[in-house]
Amino acid sequence: GDILDDYSRTDDVWILTRNKQFYMTNNEKECADKCEAERNFTCRAFLFTRKKLQCLTLAENAKMTVTFPSTDTALYEKRIYLMQCKRGIGTDYRGTEAKTQRGVPCQKWAEKIPHKPNYTPEKHPNAGLEENYCRNPDADESGPWCYTTDPAMRFDYCAIPECEDQCMQCNGEDYHGEVSRTESGLECQRWDVQEPHTHGFILKHYPEKDLKMNYCRNPDGELRPWCFTTNPNKRWEYCNIPRCTTPPPVSGLDSQCLSGKGEDYRGRIAITESGNACQHWNTQFPHKHGWIPDRYPCKGLEENYCRNPDGEKKPWCYTTNSSTRWEYCTIPPCDGTEQGIAGMNNVPAQVPLAEECYRGTGQSYRGTTSVTASGKKCQAWSSMFPHRHIKTPDRFPDADLRENYCRNPDGDSSPWCFTTDPNTIWEYCNLKRCDDHIQE
């Protein structure tokens, strides 16, 4: 690749630095070559003036000193010295962390007290052994480390986070790293060419999927990033991208109502629009499927709640009816101010919260649970099948007898419902009593 790809460019800025060397060059690439070849100090950046064609190699970058405006100047900083994270085992980590994972300050690599080091700047000039920064000069599998200032502990590892672009969160849909080989070692085909494999993943059709160069990506919700290969006999293959050890960032709000296609819906409705109970995502009965929660850790595939993991038009689920594989669910729509309201821990008035518990005897319970304690599906209150009854919405207008949601219209000990099992008239529901203190 281009040597300048290793640098981050900032226009019209100058930095104040003590260690620098002047060179006359014709362009930025020649100046980058001077920086790579610099032997007077560790070159972390360079300044290039376009009019004078002046090149200044620098020992410091903008993180280490002050900057000020300067027209006709471009600052190029080596990306490796800007990263405060590690890639893989961190042999190229050049950040400034200088304490161990237990918080003990590191000993300087050039010093011999309290520990006489095996690894020194003289012996390993290319290992970046500056000051007392954490480094990995011996390619230790556990990552960067340092000699400690504690006489009782010779060395310890440092807590360096993994670079997000070198590992994947969730299923790697947001992976923007530069791995370009498949897990079996095949080179990836560029996304902007149609040889040896023709395909429809063209940048203009998928502008938000970052289909650059021949880097592994996951534009279609696969298990993990992949690419077309340059082998005519192997159309595509997964790439071996490690999973990040840090938890994924919180992406927006977990919506309790339907906005857009409902991909962020995390409510607890677990019944389809025709009234079928949902199958649990972690079971394969009555329907076998590939949406296994462990494989898709960020899709919210909990219990048997309706979800939209694959970009369908709205949330859905597999059903417990063996003759109906899956169906959409009816999710209450959000109003226009959902984001603002949710930020204040409220929910739009017309949207029922899927409560998990009830207070007192549950006469005020207005959640959407519709399954009994033994797992039976509830009969709709307005229905007379399979059980005829008098607990109807018109006779109990204040009891909120909607759909087939568990309720307590008659002051029983807890919410209940008639069941869809012809042999069981009614049962208490699968609900717990709230802890009032926690609720408050």
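How many salt bridges does a search of the whole structure find? The search finds 20. A salt bridge here is a side-chain nitrogen of Lys or Arg within 4 Å of a carboxyl oxygen of Asp or Glu.

This is a predicted model, in which local features need pLDDT of at least 70 and side-chain atom pairs count only at pLDDT 80 or more, while totals for chains, interfaces and linings use all residues. Residues are numbered from 1 along each chain as its sequence is written, and side-chain values use heavy atoms, leaving out hydrogens and water.

**Helix H1**

Helix H1 spans residues 28-37. Helices (H or I, at least four residues) and strands (E, at least two) are DSSP runs, numbered from the N terminus. Four residues of H1 are buried: Glu-28, Cys-31, Ala-32 and Cys-35. Buried means under 20% relative accessible area, exposed means over 50%, and partly exposed lies in between (1.4 Å probe, protein chains only). Seen down the axis of H1, the buried residues fall within an arc of 105 degrees, so they line one face of the helix. The arc is taken from the directions from the helix axis to the C-beta atoms. What covers these residues includes strands S1 (7-15), S3 (45-49), S4 (54-58) and S5 (67-78). Contact means heavy atoms within 4.5 Å.

**Strand S5**

Strand S5 also takes part in a salt bridge with the helix. Lys-78 pairs with Glu-36. Lys-78 sits in S5 and Glu-36 in H1, 42 residues apart, so to speak of distant parts of the chain being linked is fair. Lys-78 counts as buried because its relative accessibility is 13%. Glu-36 is partly exposed, with a relative accessible area of 38%. Phe-68 lies in S5 too. At 36% relative accessibility, Phe-68 counts as partly exposed.

**Salt bridges**

The table gives three of the pairs.

| Pair | Closest N and O atoms |
|---|---|
| Lys-78 and Glu-36 | 3.6 Å |
| Glu-130 and Arg-135 | 3.4 Å |
| Glu-183 and Arg-224 | 2.6 Å |

Are Glu-130 and Arg-135 buried or exposed? Both are buried. Glu-183 and Arg-224 form a salt bridge. This pair links distant parts of the chain, 41 residues apart, with both residues in the loop between strand S7 (155-157) and strand S8 (226-228). Glu-183 is partly exposed at 42% relative accessibility. Arg-224 is partly exposed as well, at 24%. Elsewhere, salt bridges that share partners join Arg-366, Asp-400, Arg-402 and Arg-407 into one network.
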